[in-house]
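Got the viewer open? Let's take a walk through this model, one selection at a time.

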Amino acid sequence: MTVEAAVALATLAVVTATALGSVATVTASVRCIDAARELVRLAARGEPERARSVATGLAPSGAMIELTVSGDELHAEVSAVPVRLVPLRVSGRATGVLEPGVRTGRGLS
């Protein structure tokens, strides 16, 4: 009976850890998508400094935030590692167009 209980508890621990890791991964993915969307939205309005600040606040801690401008198009990618023990990276991407009158020289790069 002791061996069966030990195996059952170990299995329960693995299942619980997997479930928590899955929830953390989905949550980080949604946060990356939200951060990328806000980064593009605010940068398209001509507020790149505020865009990076808001995106940093929305993204998971330690996330990589990248904004590129190609002509009048903006491309953002926010990526993070949700569970440090697993080498899995989630990301969110967004694309937008600069609003009329916004110039790429105003801190956009």
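Start by selecting Thr25, which lies in helix 1. Helices here are DSSP runs of H or I with at least four residues, strands are E runs of at least two, and both are numbered from the N terminus. Before you click further, a word on what you're looking at: this is a predicted model, where local features need pLDDT of at least 70, side-chain atom pairs count only at pLDDT 80 or more, and totals for chains, interfaces and linings use all residues. Residues are numbered from 1 along each chain as its sequence is written, and side-chain values use heavy atoms, with hydrogens and water left out.

**Stop 1: around Thr25**

Is Thr25 buried or exposed? Thr25 counts as buried because its relative accessibility is 17%; the cut-offs are under 20% relative accessible area for buried, over 50% for exposed, and partly exposed in between (1.4 Å probe, protein chains only). Now show what touches it: leaving out neighbours within four places in sequence, Thr25 is in contact with Pro82, Val83, Leu88 and Val90. Contact means heavy atoms within 4.5 Å.

**Stop 2: the loop with Val86**

Slide over to Val86, in the loop between strand 2 (73-80) and strand 3 (90-97). Val86 is partly exposed, since its relative accessibility is 41%. Add Leu85 and Leu88 to the selection and you have a nonpolar surface patch, Leu85, Val86 and Leu88 together offering about 320 Å² of accessible area. (Areas come from the Shrake-Rupley method with a 1.4 Å probe, and for residues only the protein chains shown count as cover.) Patches are made of residues with over 30% relative accessible area and no salt bridge, joining like charges within 9 Å and nonpolar side chains (Val, Leu, Ile, Met, Phe, Trp, Tyr) within 5 Å.

**Stop 3: the sheet**

Next, color the strands. There are 3 of them in an open sheet, ordered 1-2-3 with antiparallel pairing. Strand 1 and strand 3 stand at the edges with a single partner strand each, so one side of each has no neighbour in the sheet. From one strand to the next, the twist averages 15°.

Zoom in on strand 1 (residues 64-70) and strand 2, which pair antiparallel over 7 bridges; strands count as paired if DSSP finds at least two bridges between them. These two strands make a hairpin with 2 residues between them, and Gly71 in the turn has a positive phi of about 70°. Pick Ser70 and look across: Glu73 in strand 2 stands opposite. Which residue of strand 3 is opposite Glu73? Select Val97 and you have it. Strand 2 and strand 3 are joined by 8 bridges and run antiparallel.

Now bring helix 1 back into view: it lies across strand 1, strand 2 and strand 3, at about 20° to strand 3. That angle is taken between N-to-C directions on a scale from 0 to 180 degrees, with axes fitted as lines to C-alpha atoms, for helices over the stretch in contact.

**Stop 4: Ile65 and its neighbours**

Back in strand 1, select Ile65. Ile65 is partly exposed, with a relative accessible area of 24%. Not counting residues up to four places away in sequence, Ile65 touches Leu39, Arg52, Ala55, Thr56, Ala59, Glu77 and Val78. For a distance check, draw a line from the C-alpha of Ile65 to that of Glu47: they are 16 Å apart in space and 18 residues apart in sequence.

**Stop 5: the charged pairs**

While you're at Glu47, look for Arg50: the two form a salt bridge, with the closest N and O atoms 3.2 Å apart. A salt bridge here is a side-chain nitrogen of Lys or Arg within 4 Å of a carboxyl oxygen of Asp or Glu. How many turn up in the whole structure? The search finds 6 salt bridges.

For the last selection, take Asp34, Arg37, Glu38 and Arg41, linked in a network of salt bridges. Glu38 and Arg41 meet at 2.7 Å, N to O, and both sit in helix 1 (residues 2-44), 3 residues apart, about one turn of the helix. Glu38 also bridges to Arg37, with closest N and O atoms 3.5 Å apart. Glu38 counts as buried at 14% relative accessibility, while Arg37 is partly exposed at 43% and Arg41 is partly exposed at 38%.
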